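Take a look at the model below. Follow the strands one by one as you read.

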Amino acid sequence: MKKDIITLGIESSCDETSVAVVKNGREILANIIDTQIPIHEKYGGVVPEIASRNHIEAISRVTKKALEEANISFEDIDAITPTYGPGLVGALLVGLSYAKALSFAINKPLVGINHIEGHIAANYITHKDLKPPFLCVMMSGGNTQLIHVKDYTEFEVLGKTRDDAIGEAFDKVARVVGLGYPGGPKVDKMALNGDQNAIELPRTHFDNLDFSFSGIKTAVINLHHKNPEINKEDLCASFEKAVTEMLMENTKKALKQIKVDTIALAGGVSANCFIRKEFLDLEEQGIKVYMPDLKLCTDNAAMIASAGYYNFINGKKSSLDLNAIPNLKL
C-alpha cells in the first residue's frame, strides 16, 4: 500500500501568517490563517516592518494550532515546505527561518517553495481531477502572468506585466476613490451597482502576451481628480470591465499559441466576481475553466504545502542555507 505523504506548508510572504498540513498534495488536514488585514487597514496598505513583527508573534502559535487540527505530530510530517519568495523580505524571513529551524530540530527535509507556484497548486486542492498541461492565468497583488504549466514542477512564463500587477492596480484605484485597503474586494463590491459601459478607459495592447495596467490606473486617477463627484460605482465597474478584457484578450491568444483547452485561474484577484464570470463563459467555447475555492485564492499555506508535495516527490530538497528572495521568478 502506497504511503501517504504529509507536507507542512508555511506561508508568510506578506500579511498572512499561515501554516497548513496537506496529505498527498490534494487533501487539506489543516489550514490555519492568521490575517493582519485589520492591523494594516488604518495605514491604507501593508507596512512591511509591522507585518514582520506580527509574523514573529504568530508563527509558533499558528503552527501548534495546525498540528492540533490535523491531529498529527511532527513525527508524522514528511517534508517542511516554506515560501521563500517572492514577497516582502522581512516577512519571508520569519516563515523561512522558522521552517529551517524546525527542519533541523526534527530532522525532516526542507523544500523551499515559490509563492507563485503555490497559487497555481491551489487549484489541485479544489479540483482533484486537474492535471497538467494547462494555461494558468496568474493574477495577484504582486504578479500578473500567463503561465504554461507543462508539468507539476515545470513552467514557462508566456507573458507578464511590464509595470503594475493587476492587484496593485485594483488597490490604487480603491485608494483614489476612498475605499481603503484591501482594495480588490471593495472595488468588486462597488462595481456590482455600476454601469460597466459608462466610462471609456484606455486598454494597452502589445504584440506579445505582456500586460500593462499603469495606463488604465492613471486614467482612473486623473478622472477622479478632475471630477471628484464622478459616479464611483460606474468608475469601478468600467475599470473592472477594462482590465478583464485585457486579461481575456491575451488568454485567448495564449491558448492558441500553446494549443491547450484548459485554463486555471490563480491569485487573489481570481476571487473577483466579474472576472470569474467572464472566464467561466469561455466554457461555452469548449474551454475547460478551473478556479480555486475563494478561501484558497488569497495567500494561505495549504497551496504552499500542495506545491511542496509535488516538488518533494520529484526529488527537490533545499539546504539550510536557503535564503529569502523577495523578487524570485517562476
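How many of the eight residues of strand 2 are buried? The model is predicted, and in it strand 2 covers residues 16-23. Seven of its eight residues are buried, so the strand is mostly covered, where buried means under 20% relative accessible area.

Now turn to the partners of strand 2. Strand 1 spans residues 6-11 and runs antiparallel to strand 2, with six bridges joining the two. One pair to find is I10 and V19, which are bridge partners. A hairpin of four residues links strand 1 to strand 2.

Strand 3, residues 27-35, also pairs with strand 2 in the antiparallel sense, this time over eight bridges. K23 stands opposite E27 of strand 3. Three residues lie between strand 2 and strand 3 in their hairpin. N24 sits in that turn and has a positive phi of about 55°.

Next, move further along the chain. Five strands form an open sheet there, in the order 8-7-6-9-10, with mixed pairing. Strand 8 (154-160) and strand 10 (288-290) stand at the edges. Each has a single partner strand, so one side of each is left without a neighbour in the sheet. From one strand to the next, the twist averages 25°.

Look inside this sheet. Strand 6 (residues 134-139) and strand 9 (residues 262-266) pair in the parallel sense, over four bridges. Here M138 stands opposite A266 of strand 9.

Finally, find helix 8, residues 232-258. Helix 8 lies across strands 6, 7, 8 and 9. The helix runs at about 155° to strand 6.

Conventions: Residues numbered from 1 in each chain as written. Predicted model: local features only at pLDDT ≥ 70, side-chain atom pairs only at ≥ 80, totals over all residues. Heavy atoms only, no water. Pairing = 2+ DSSP bridges. Axes fitted to C-alpha atoms, helices over the stretch in contact; angles between N-to-C directions. Contact = heavy atoms within 4.5 Å. Buried < 20%, exposed > 50% of the residue type's maximum accessible area, 1.4 Å probe, protein only.
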